[in-house]
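Me: I am new to this structure and would like a close look at a single part of it. Please choose one element, take me through it with care, and then set it among its surroundings.

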Amino acid sequence: MTHREITLTRDCKVILIPSGEESTLVAGSPVVITQSLGGTYTVATQTGLARVAEADADALGLEVAAAPAVPAPVASGGGGEVKEDDVWAQLKHVYDPEIPVNIVDLGLVYSCDIEPVASDPKKHHVDIKMTLTAPGCGMGDVIKNEVEEKVRLLPTVDSVMVDLVFEPQWDRSMMSDEARLKTGLM
């Protein structure tokens, strides 16, 4: 599916990469899908890269996926308590729109804390500290929102707070071996 030219079948809202600005690509525009990971599409347009949401896959001539299934917690065996491993598994479904590697393997996520909600101990609040590959990255809010959406899909997660931090500053040494291999840095 990637790296073939497609003509948009309808107008489509996109997020421009790397600025993070919202825009609209008009029906009939040629695009090339460069990445299809984590439920979003990165497309090359005549003016640069753009991110297309999964809900707009039909504009690319692709089938729109059904609403995401609520994942069963992996660490807790399907019980009611969300474990840190459950959150990390969800984070592996969030990808940098320019790099075909998830944010965990890129080393962008620094910590994950889970606390029961005081008013309802069966529900949980998740705090995540993460960074970006570059402090001025315009896609920061887009990635942050996707992290919140994916983690909120976990049963019993009531709220998610993502804190973008820049200390320590990210560098390539934080990438997993798999990520370095995939990006040609190993």
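Reply: The expected span of a helix is 1.5 Å times one less than its number of residues. Helix 2, which covers residues 140-152, has 13 residues and so should span 18 Å, and this agrees with the 18 Å that separates its end C-alpha atoms. This is a predicted model, and helix 2 is the part that I will follow here.

To place helix 2, it helps to have the whole chain in view. The protein holds three helices and nine strands, and along the sequence these follow the pattern β-β-β-β-β-β-α-β-β-α-β-α. Of its 186 residues, 37% count as buried. Among contacts between residues at least 6 apart in sequence, 55% join residues that are at least 24 apart.

Within helix 2, the buried residues are Gly140, Val142, Ile143, Glu146, Val147, Glu148, Lys150 and Val151. These buried residues pack against strand 2 (12-17), strand 5 (40-44), strand 6 (49-53), helix 1 (84-91), strand 8 (120-130) and strand 9 (157-164). The list of neighbours can be taken in two groups, beginning with the strands of the sheet that helix 2 lies across.

Helix 2 lies across strand 8 and strand 9, and it runs at about 155° to strand 9. Both of these strands belong to an open sheet of three strands, set in the order 7-8-9 with mixed pairing. Strand 7 (109-117) and strand 9 stand at the edges of this sheet, and because each has a single partner strand, one side of each is left without a neighbour in the sheet. From one strand to the next, the twist averages 15°. Strands of a sheet pair through backbone hydrogen bonds, either parallel or antiparallel. Here strand 7 and strand 8 are paired in the antiparallel sense over eight bridges, and in one of these pairings cysteine 112 has isoleucine 128, in strand 8, as its bridge partner. Helix 1, itself a neighbour of the buried residues of helix 2, packs on this sheet as well, where it touches strand 7 and strand 8 and has a direction that makes about 130° with that of strand 7.

The second group of neighbours consists of strand 2, strand 5 and strand 6, against which the buried residues of helix 2 also pack. Strand 2 and strand 6 run antiparallel and are joined by three bridges, while strand 5 and strand 6 pair, again in the antiparallel sense, over five bridges. Arginine 51 in strand 6 appears in both pairings: it is the bridge partner of isoleucine 15, and threonine 42 stands opposite it. Strand 5 and strand 6 form a hairpin with four residues between the strands, in which glycine 48 takes a positive phi near 145°.

Beyond these strands, the loops that adjoin them carry some of the eight salt bridges that the structure holds. Aspartate 56 forms a salt bridge with arginine 10, their closest N and O atoms being 2.8 Å apart. This pair links distant parts of the chain, 46 residues apart, since aspartate 56 lies in the loop between strand 6 and helix 1 and arginine 10 in the loop between strand 1 (5-7) and strand 2. Aspartate 58 also forms a salt bridge with arginine 10, with the closest N and O atoms 2.8 Å apart, and this pair, 48 residues apart, again links the loop between strand 6 and helix 1 to the loop between strand 1 and strand 2. Arg10, Asp56 and Asp58 are thus linked in a network of salt bridges.

How buried or exposed are the members of this network? The cut-off that matters is 20% relative accessible area, under which a residue is buried, with partly exposed residues lying between that value and 50%. Aspartate 56, at 17%, is therefore buried, whereas arginine 10, at 27%, counts as partly exposed, and so does aspartate 58, with a relative accessible area of 31%.

Technical notes: Residues numbered from 1 in each chain as written. Predicted model: local features only at pLDDT ≥ 70, side-chain atom pairs only at ≥ 80, totals over all residues. Heavy atoms only, no water. Buried < 20%, exposed > 50% of the residue type's maximum accessible area, 1.4 Å probe, protein only. Contact = heavy atoms within 4.5 Å. Pairing = 2+ DSSP bridges. Axes fitted to C-alpha atoms, helices over the stretch in contact; angles between N-to-C directions. Salt bridge = Lys/Arg side-chain N within 4 Å of Asp/Glu carboxyl O.
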